[in-house]
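Let's take a walk through this fold, one piece at a time. Have the structure open and turn it as you read.

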Amino acid sequence: MSAPAVEALNVSKRYGRIEALTGVSFFVPGKAVTVLLGENGAGKTTALKLVLGFLRPDGGFIESRKAQVGYVPDRPAFFPWLRGRDVLAATALASGVDRPKLDFRVAGLSDRLGFDPGLLGRPVQAYSPGNRKKFSYLQSLLPSPDLLVADEPFSSLDPEAIRSLRALFLDLKREGTTLLLSSHAISEME
C-alpha cells in the first residue's frame, strides 16, 4: 500500500478558548475521494485549513504529500476589481500553465462545469454565487492539481451543476487526482 496523500495524527487546534479540534486523526488515500462529514461547527473547515497549511496545529501532526493542490472554499471571494480572465491569467502564471494550454484548459473545464466563458470579462465578485463557485473550481483545476480540496463542494450550485460536478469528480479520480471534500449534507455526499 502506498503512503496516504494526507495524514493527520492526534491533531488539535484552538481558537482562543474554543477547541475546534481535539485529538483528530485521519488519512486520505491517494487517487480516491474522501469526505469529511460532520455537523455545523464540528471543525471540518478547520481540518481543511490545516491540510492546506493555512493554519498550524496546536498539537499533533498533519502533512499533505501532494505537490500541486487546488482549493475551493465554501464561499469563494475575489478582489472586486479583478475580472475572471485576470484571475485565470495570474493562476496560470503562478502555476506554469502556458497560454495555449490555458485557453484549452479554460474551454474544456468551462464546458464540464457549465460555466459561461463570456463571464470572464466581468469582475468575478459580480458573478452570481453559483457562478463564483463554478469559477473557483475552474481556477483550482486549471493547473491540474494532484489534490483537490473542496469545502461544501455543492453549495450555491443548481441540480444540473451538481450532477456535472459529481461526474467531474469521478473523472478526476480515474485520472489519479485525490479529492478531499467536506460537508454537513450526507445525502449530497452519497
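Which elements do the buried residues of helix 4 pack against? Keep in mind that this is a predicted model, and then look around helix 4: its buried residues pack against strand 5, helix 2 (84-95), helix 3 (99-113), strand 6 and helix 5 (159-174). That makes helix 4 a handy place to start.

Helix 4 covers residues 129-141 and lies across strand 5 and strand 6, running at about 175 degrees to strand 5. Its length can be checked with a bit of arithmetic: at 1.5 Å a residue, the 13 residues should span 18 Å, and the end C-alpha atoms are 18 Å apart, which agrees. As for how covered it is, 11 of the 13 residues are buried, so helix 4 is largely enclosed by the rest of the structure. The buried set isn't just the likes of Phe135, Tyr137, Leu138 and Leu141; it also includes Arg132, Lys133 and Lys134.

Now swing over to helix 2. Helix 2 and helix 4 pack at an angle of about 25 degrees, with their axes 9 Å apart. Angles under 35 degrees count as roughly parallel, so that is what helix 2 is to helix 4. The crossing of the two is right-handed. If you want to see who does the touching, look for Gly84, Val87, Leu88 and Thr91 on the helix 2 side, which meet Phe135, Leu138 and Gln139 in helix 4.

Just ahead of that, the loop between strand 5 and helix 2 holds Pro76. Is Pro76 buried or exposed? Its relative accessibility is 10%, and since buried means under 20%, Pro76 counts as buried. Leaving out residues up to four places away in sequence, Pro76 touches Arg132, Lys133 and Ser136, and those three are among the buried residues of helix 4. Pro76 also has a sequence-distant companion to look at: Ser155 is 79 residues apart from Pro76 in sequence, yet the two are 10 Å apart in space, C-alpha to C-alpha.

On to the sheet that helix 4 lies across. Strand 5 and strand 6 belong to an open sheet of 4 strands with the order 3-7-6-5 and parallel pairing. Strand 3 (33-37) and strand 5 (69-72) stand at the edges with a single partner strand each, so one side of each is left without a neighbour in the sheet. From one strand to the next, the twist averages 15 degrees.

Strand 6 is a good one to zoom in on. How many of its residues are buried? The count is 5 of 5, so to speak a strand that is mostly covered. Leu147, Val149 and Asp151 point one way, Leu148 and Ala150 point the other way, and all are buried. On one pairing, 4 bridges join strand 5 to strand 6, and the two run parallel; here Val69 has Leu147 as its bridge partner. On the other, strand 6 (residues 147-151) and strand 7 (residues 178-183) pair in the parallel sense over 5 bridges. Ala150 stands opposite Leu181 in strand 7, and Asp151 stands opposite Ser182.

There is a second sheet to visit. This open sheet has 3 strands in the order 2-1-4, with antiparallel pairing. Its edge strands are strand 2 (18-28) and strand 4 (59-64), each of which pairs on one side only. Direction ignored, neighbouring strands here are turned by 30 degrees against each other on average. Strand 1 (residues 6-15) and strand 2 run antiparallel and are joined by 7 bridges; Glu7, for one, has Phe27 in strand 2 as its bridge partner.

Which helix goes with this sheet, and across which strands does it lie? Helix 1 lies across strand 1, strand 2 and strand 4, at about 60 degrees to strand 2. Helix 1 (residues 44-52) is mostly covered, with 7 of its 9 residues buried. Ala47, Leu48, Leu50, Val51 and Leu52 are among those buried residues, and so are Lys44 and Thr46. Right after the helix comes Gly53, with a positive phi near 85 degrees.

Definitions and conventions
Residues are numbered from 1 along each chain as its sequence is written. This is a predicted model: local features need pLDDT of at least 70, side-chain atom pairs count only at pLDDT 80 or more; totals for chains, interfaces and linings use all residues. Side-chain values use heavy atoms; hydrogens and water are left out. Two strands pair if DSSP finds at least two bridges between them. Axes are lines fitted to C-alpha atoms, for helices over the stretch in contact, and angles run from 0 to 180 degrees between N-to-C directions. Contact means heavy atoms within 4.5 Å. The expected span of a helix is 1.5 Å times one less than its number of residues. Buried means under 20% relative accessible area, exposed over 50%, partly exposed in between (1.4 Å probe, protein chains only). Angles under 35 degrees count as roughly parallel, over 145 as roughly antiparallel, 65 to 115 as roughly perpendicular and the rest as oblique. A crossing is left-handed if the near helix is turned anticlockwise from the far one by less than a right angle, and right-handed if clockwise.
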